[in-house]
Amino acid sequence: MPDLTRGVSPPALTLPRPSTWLTWHDYLFQPGVRVLDLACGEGRHAITAAQWGAVVTAVDQDEARLEAARDAAARAGVEIEFWPADLTAAWPPFGEFDIVLLFNYLDRARMNEVRSTVASGGVLLMETYLKWQRALGWGPTDDDHLLLPSELVTLVAPLEAVHGREVFEPVENNRIRAVASVVAQKR
């Protein structure tokens, strides 16, 4: 019988699961596709994209969250370029990407900058909370961070919304969230 007490197990990777919107669109993430994850937080979407073979750049202003993301990426065995940047200030020259991810972050005034990071033929995968989230008792409560019904499609224009939804969706810890999601392509 083998000795199961020998050796050391690697530390567990305990990131929250990625959004279902991201996983539903996993077919977009071919090896080598260039991905920008804006307001990446602790990196759950960036790490998932890198595990699918994407070349990922992830941006957040919170150094502690970026450090947690770097650690999680190392434990997951993926390489990601992490950039500290305040998305409410002047943006560094990110360049253009095949896929731009923007989850749970809303800054209406910066949508021109967001759209400019999408390469020709590329897509923006965006998802954030609807105003109905406030009634669910958790998440953002400020109108600046909550979408009105049907607003997301107008925010991503002139990118073409090719797939979208507005839903109440179950998430971890038996909670429900109200979100709008879109896949928008630059033609």
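## Close-ups of a predicted model

**View 1. Pro 158 sits in the loop between helix H5 (151-156) and strand S6 (160-171).** As in the other views, this is a predicted model. The thing to look for here is the peptide bond joining Ala 157 and Pro 158, which is cis. Its omega comes out at about 15°. S6 turns up again in View 5, where it gives three residues to the lining of the largest pocket.

**View 2. Ala 39 has a positive phi without being a glycine.** The value is near 55°. You'll find Ala 39 in the loop that runs between strand S1 (34-38) and helix H2 (44-51). Both of those elements come back in the next view, where S1 is among the elements that cover the buried residues of H2.

**View 3. Helix H2 is mostly covered.** Of its eight residues, six are buried. Which ones? They are His 45, Ala 46, Ile 47, Thr 48, Ala 49 and Ala 50. The cover over these buried residues includes pieces from several parts of the chain: helices H1 (20-24) and H3 (63-76), plus strands S1, S2 (55-60), S3 (80-84) and S4. Just past the end of H2, Gly 53 takes a positive phi of about 105°.

**View 4. Asn 104 is another non-glycine residue with a positive phi, this time about 60°.** Its spot is the loop between strand S4 (97-103) and helix H4 (111-116). Is Asn 104 buried, exposed or partly exposed? It counts as partly exposed, because its relative accessible area of 30% falls between the 20% and 50% cut-offs. Keep Asn 104 in mind for the next view, as it is one of the residues that lie nearest the centre of the largest pocket.

**View 5. The largest pocket holds about 820 Å³ of space.** Its lining takes in 38 residues, and those nearest the centre are Arg 44, Arg 65, Phe 103, Asn 104 and Tyr 129. H2, strand S5 (118-129), S6 and strand S7 (175-185) are the elements that give two or more residues to this lining. S6 gives the most, with three.

**View 6. What kinds of residues line the largest pocket?** Here is the same lining, split by residue class:

- nonpolar: 15 residues
- polar: eleven residues
- charged: twelve residues

Arg 44 and Arg 65, both among the residues nearest the pocket centre, belong to the charged class, while Asn 104 is polar and Phe 103 and Tyr 129 are nonpolar.

Conventions: Residues are numbered from 1 along each chain as its sequence is written. This is a predicted model: local features need pLDDT of at least 70, side-chain atom pairs count only at pLDDT 80 or more; totals for chains, interfaces and linings use all residues. Side-chain values use heavy atoms; hydrogens and water are left out. Helices (H or I, at least four residues) and strands (E, at least two) are DSSP runs, numbered from the N terminus. Buried means under 20% relative accessible area, exposed over 50%, partly exposed in between (1.4 Å probe, protein chains only). Contact means heavy atoms within 4.5 Å. On a 1 Å grid over the protein atoms alone, a cavity is a set of points where a 1.4 Å probe fits but cannot get out, and a pocket is an open set with protein on both sides within 12 Å along at least five of seven lines; lining residues have an atom within 4 Å of a point. Grid points are joined across faces, edges and corners, and a volume is the space filled by probe spheres set on the points.
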